[in-house]
Amino acid sequence: MAIFSSVFAVVMAGLVFFIRMKAAEKPTNAKKIILPPIFMSTGALMFLHPMFRVTALECVEAIFVGALFSILLIKTSSFEVRGNDIYLQRSKAFVFIFVGLIVLRLALKTYLSRTIEYEELAGMFWILAFSMIVPWRIAMYTSYRRLQREIKEKS
């Protein structure tokens with residue numbers, strides 16, 4: 001199961017990376033920024049099952065690490081204005097940071113699976129990912145709205 005989930009995580013990461021690169025070719029909008037964390041939030045339903053529940057300390061640790069990782073994503077995400085449209089700007093650093101986060105996640109999962117039950121670890125990594133994506137998307141949305149106001153002021 002651990003190998004399957006690791007392979008699945010790498011495939012999903014590749015899909016996210018591909019979608020992110022394609023997104024840079026089209027103008028973005030608020031919906032494209034806000035919806036991914038909302039869709040991901042459905043994963044919290046896993047905590048209805050007791051085997052996925054984490055301790056308060058594990059939850060705080062996962063949130064802290066996720067928030068730290070979000071800083072990297074925030075720093076590598078920027079927008080550019082083309083005409084009256086706003087585009088997500090591609091960043092070469094994003095590729096290295098994204099791959100680094102995946103490798104780090106797999107290494108942590110391998111190490112932590114020795115002392116933490118697999119299901120509990122899955123819950124921790126979901127919390128970590130959600131804690132990384134939410135601040136990142138909030139920062140993106142804030143930047144997007146600022147650029148949108150600037151465009152309206154120029155018009």
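**Exercise 1. Which residues form one aromatic cluster with Trp-126?**

Solution. Start from the kind of model. This is a predicted model.

Step 1. Name the members. Phe-47, Trp-126 and Phe-130 form one aromatic cluster.

Step 2. Count the pairs. The protein has three aromatic pairs. One of them joins Phe-47 and Trp-126, with 5.7 Å between the centres and 70° between the planes.

Step 3. Classify that pair. Planes over 60 degrees apart count as edge-to-face. The pair of Phe-47 and Trp-126 is therefore edge-to-face.

Step 4. Place the two rings in the chain. Phe-47 lies in the loop between helix H2 (30-40) and helix H3 (56-75), while Trp-126 belongs to helix H5 (residues 118-154). The two are 79 residues apart, and the pair links distant parts of the chain.

Step 5. Check the burial. Both Phe-47 and Trp-126 are buried.

**Exercise 2. Describe the pair of Phe-79 and Tyr-144, and decide whether each residue is buried or exposed.**

Solution. Two values describe the geometry of such a pair: the distance of the centres and the angle of the planes.

Step 1. Read the geometry. For Phe-79 and Tyr-144 the centres are 6.2 Å apart and the planes make 65°. This aromatic pair is edge-to-face.

Step 2. Find the elements. Phe-79 is in strand S1 (residues 78-82), and Tyr-144 is in helix H5. They stand 65 residues apart, so this pair too links distant parts of the chain.

Step 3. Apply the cut-off. Buried means under 20% relative accessible area. Phe-79 has 13%, so Phe-79 is buried. Tyr-144 has 6%, so Tyr-144 is buried.

**Exercise 3. Over which rings do the charged ends of Arg-105 and Arg-137 sit?**

Solution. Take each arginine in turn.

Step 1. The charged end of Arg-105 lies over the ring of Phe-125, 4.9 Å from the ring centre.

Step 2. The charged end of Arg-137 lies over the ring of Trp-136, 4.8 Å from the ring centre.

**Exercise 4. Set out the overall build of the protein: how many helices and strands are there, and in what order do they run?**

Solution. Go from the count to the order, then to the extent.

Step 1. Count. The protein has five helices and two strands.

Step 2. Order. Read from the N terminus, the elements run α-α-α-β-β-α-α.

Step 3. Extent. Along the principal axes, the C-alpha atoms fill a box of roughly 60 × 25 × 20 Å.

Step 4. Burial. The protein has 155 residues, and 31% of them count as buried.

**Exercise 5. Which element supplies the largest share of the largest nonpolar core?**

Solution. Begin with the members of the core.

Step 1. The largest nonpolar core holds 26 residues. Those that touch the most other members are Leu-73, Phe-79, Ile-86, Phe-94, Leu-101 and Met-140.

Step 2. List the suppliers. H1, H2, H3, strand S2 (85-89), H4 and H5 each give at least two residues to this core.

Step 3. Name the main one. The largest share, 11 residues, comes from H5.

**Exercise 6. What lines the largest pocket?**

Solution. Take volume, lining and class in that order.

Step 1. Volume. The largest pocket contains about 1,600 Å³ of space.

Step 2. Lining. The pocket is lined by 47 residues. Met-12, Val-16, Met-40, Ala-129 and Ile-133 lie nearest its centre.

Step 3. Elements. Helix H1 (2-23), H2, H3, helix H4 (92-112) and H5 each supply at least two lining residues. H5 gives the largest share, 12 residues.

Step 4. Class. The lining has 37 nonpolar, two polar and eight charged residues.

**Exercise 7. How far apart in space are the C-alpha atoms of His-49 and Glu-119, and those of Glu-25 and Val-65?**

Solution. Set sequence separation beside distance in space.

Step 1. His-49 sits in the loop between H2 and H3. At 41% relative accessibility, His-49 counts as partly exposed. His-49 and Glu-119 are 70 residues apart along the chain, and their C-alpha atoms are 9.8 Å apart.

Step 2. Glu-25 sits in the loop between H1 and H2. With a relative accessible area of 47%, Glu-25 is partly exposed. Glu-25 and Val-65 are 40 residues apart along the chain, and 31 Å separates their C-alpha atoms.

Note on methods: Residues are numbered from 1 along each chain as its sequence is written. This is a predicted model: local features need pLDDT of at least 70, side-chain atom pairs count only at pLDDT 80 or more; totals for chains, interfaces and linings use all residues. Side-chain values use heavy atoms; hydrogens and water are left out. Rings of Phe, Tyr and Trp (its six-membered ring) pair if their centres lie within 6.5 Å; planes under 30 degrees apart count as stacked, over 60 as edge-to-face and the rest as tilted. Helices (H or I, at least four residues) and strands (E, at least two) are DSSP runs, numbered from the N terminus. Buried means under 20% relative accessible area, exposed over 50%, partly exposed in between (1.4 Å probe, protein chains only). A charge sits over a ring if NZ of Lys or CZ of Arg is within 6 Å of the ring centre and within 35 degrees of the ring normal. On a 1 Å grid over the protein atoms alone, a cavity is a set of points where a 1.4 Å probe fits but cannot get out, and a pocket is an open set with protein on both sides within 12 Å along at least five of seven lines; lining residues have an atom within 4 Å of a point. Grid points are joined across faces, edges and corners, and a volume is the space filled by probe spheres set on the points. Ala, Val, Leu, Ile, Met, Phe, Trp, Tyr, Cys and Pro count as nonpolar, Asp, Glu, Lys and Arg as charged, and the others, Gly among them, as polar. A nonpolar core is a set of buried Ala, Val, Leu, Ile, Met, Phe, Trp, Tyr and Cys residues joined through side-chain atoms within 4.5 Å.
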